[in-house]
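Colleague: Could you take a close look at one part of this model for me, and then tell me how it sits in the rest? I'd like the strand with its partners, and whatever else helps to place it.

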Amino acid sequence: MSPRCPHAALQHAEPHPAPYSVYEQMRAEHGPIIPVELGEGVYGWLVTDYETIVSWSRDTTLFTRDSRMWKDLREGRIPAASPLMAMMAPGRSIGTTDGSEHQRLRGAVVDSLRTLSEPRIVQSTRDVADRLVDSFCESGEADLLNDYGRVLPLFVMADLCGFSEEQATGYAVASRSAMLGIEPAESVETIRRILSEILRDRRENPGDDLVSRLVHHPAGLTEEEAFHQLRRVMGAANEPVAALVDGALRMILGNPHLAARVRDSLSTLEDVVDQVLWKDPPISHFPVLYPRADVPVGGGRVIRAGEPVLVAAAAANHFYARENAREMAETANRAHMAWGIGPHRCPAQREAVAMGTEALRVLLGRLPGLRTAVPQEELRWRLAVHFWSPIRLPAAFPSQKPVNTPVEGWEAVEEEVAAGKRPAPLFSFLRFWRR
Ligand code: HEM
């Protein structure tokens, strides 16, 4: 018998067909609190148990969000260029502070989010969704994850924060590049430049918008603090909203009865979104908690102070929903963990649901006969440290006409963009995106 590996891998080089089977295997080997390898020689823990997540997320005495507590980081084992830093770098952000400092930053973020009315979010989502659908509707096929779900929240947030088209495309390209690891340092620098430009502009020319509210908030955020909060708000929307749309589409397109119900009444979408939040939540392994003291976890195992603990809300919800299927069918239980638990709980649930539901409504409304182009069992998932998501969601549908006037002579426009004579419009960004 081969010796049991003490750490399960969170990151897999090969695309995988069935992520929940990986959780099942890890739980069978290690129980619900799993020692994991985050990167080469970097270890932490993955907690997949519902009750434990609820209790630890609320316990702000034992657990901190401040990654300066991260033992490997403090002891110099994490290089600044480590890919783990994208989600775990220390900083004065709403997500990595505790107590009164967190409350002050969260107050400013929550007040700023209040500038976004639901009709404004819905309108912006509809506009961006229509432009994206226009870009592929004539072809009769699309990758609904990369051509739609992943692009949409970037442009909706950019619109809601008052970015110019040039800033929006620059920000989207840099975010996409950073995620794919293409020139990460340059991409991070571009994101910093664009967000700083916008913050400076709203400081000097305030309006009734999210960024103006943030920089002029009575909490008196410094420039650096305003930058970190705006970056967190912009970043917090992307992958989770994309994953929500992707999860809902897989659920609808994989179930002919549900697809028929949605076709008959698009108002069913709210229920579908609720189901996805329970059974296939958008965020796989986040947030990260750092214990201030050693935590015994049974079987003689101890999580040492400063070892990162990743919250696997997706796995915990999924197994809880499966194990309690009967009770859940009988009661309207909404206590899922997709929004997080405790003082850092997502402050933008209304915004996220409005954006996701409208994105689905436009797509399904505009593409009757939409179906997945491969059986769902043939989808392949990318298993990375913080997010487990399908690589693509190929779909097919009868070709449709665009609703917006097509851009004429785009080749000439692209030449002007290349020569720096005009900002890059959305459609040229889409060509980059699909490379
Ligand atoms: C389906 C979409 C979304 C999901 C599932 C989601 C989920 C979450 C989760 C799990 C957290 C971490 C909670 C914790 O640390 O305990 C979080 C935090 C946060 N989310 Fe969301 N989110 C979504 C969309 C959004 C959007 C659209 C925005 C902005 C408009 C946003 C803004 C934030 C912010 C600012 C935080 C940090 C809160 C804090 O640390 O106090 N989220 N979200």
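Modeller: Here is the strand β6, followed by the rest of the protein.

First, the ground rules. This is a predicted model, with local features needing pLDDT of at least 70 and side-chain atom pairs counting only at pLDDT 80 or more, while totals for chains, interfaces and linings use all residues. Residue numbers start from 1 along each chain as its sequence is written.

Strand β6 covers residues 288-291; strands here are DSSP E runs of at least two residues and helices are H or I runs of at least four, numbered from the N terminus. Both of its faces are covered, with V288 and Y290 buried on one side and L289 and P291 buried on the other. Buried means that 20 or more other C-beta atoms lie within 10 Å of the residue's own, exposed means 12 or fewer, and partly exposed is in between, with C-beta atoms placed from the backbone. That split fits a general habit: in a regular strand the side chains alternate between the two faces of the sheet.

Now the partners. β6 pairs with strand β4 (residues 63-64) in the antiparallel sense over 2 bridges, and two strands count as paired if DSSP finds at least two bridges between them. One bridge partnership there is T64 with Y290. Strand β9 (residues 309-311) also runs antiparallel to β6, joined by 2 bridges, and here V288 has L310 as its bridge partner.

Elsewhere there is an open sheet of 3 strands, in the order β5-β13-β10 with antiparallel pairing. Its edge strands are β5 and β10 (371-372), each pairing on one side only. β5 is joined to β13 (residues 394-396) by 3 bridges, and A142 finds its bridge partner in A395. The loop between α6 (118-136) and β5 (141-143) holds E138, which counts as exposed because it has 11 C-beta neighbours inside 10 Å. Beyond its neighbours within four places in sequence, E138 is in contact with S399, Q400 and P402, contact meaning C-beta atoms, placed from the backbone, within 7 Å.

Among the helices, take α14 (residues 269-279), whose buried residues are L269, V272, V273, V276 and L277. Seen down the axis of α14, these fall within an arc of 140 degrees, so they line one face of the helix; the arc is that of the directions from the helix axis to the C-beta atoms. Exposed E270 and D271 sit on the face turned away from the buried side. The cover over the buried residues includes α12 (223-253), α13 (256-264) and α17 (349-366).

The ligand has 27 residues around it, and P240, G340, H344, C346 and A348 come nearest; being near takes a C-beta atom, placed from the backbone, within 6 Å of the molecule. α5 (99-113), α12 and α17 are the elements that give two or more residues to this shell, and α12 gives the most, with 7 residues.

As for the whole, the protein has 19 helices and 13 strands, and buried residues make up 41% of its 435 residues. Its radius of gyration of 22 Å, taken over C-alpha atoms, agrees with the value near 22 Å for a compact globule with 435 residues, by the rule of 2.2 Å times the number of residues to the power 0.38.

Note on methods. Two residues are in contact if their C-beta atoms, placed from the backbone, lie within 7 Å.
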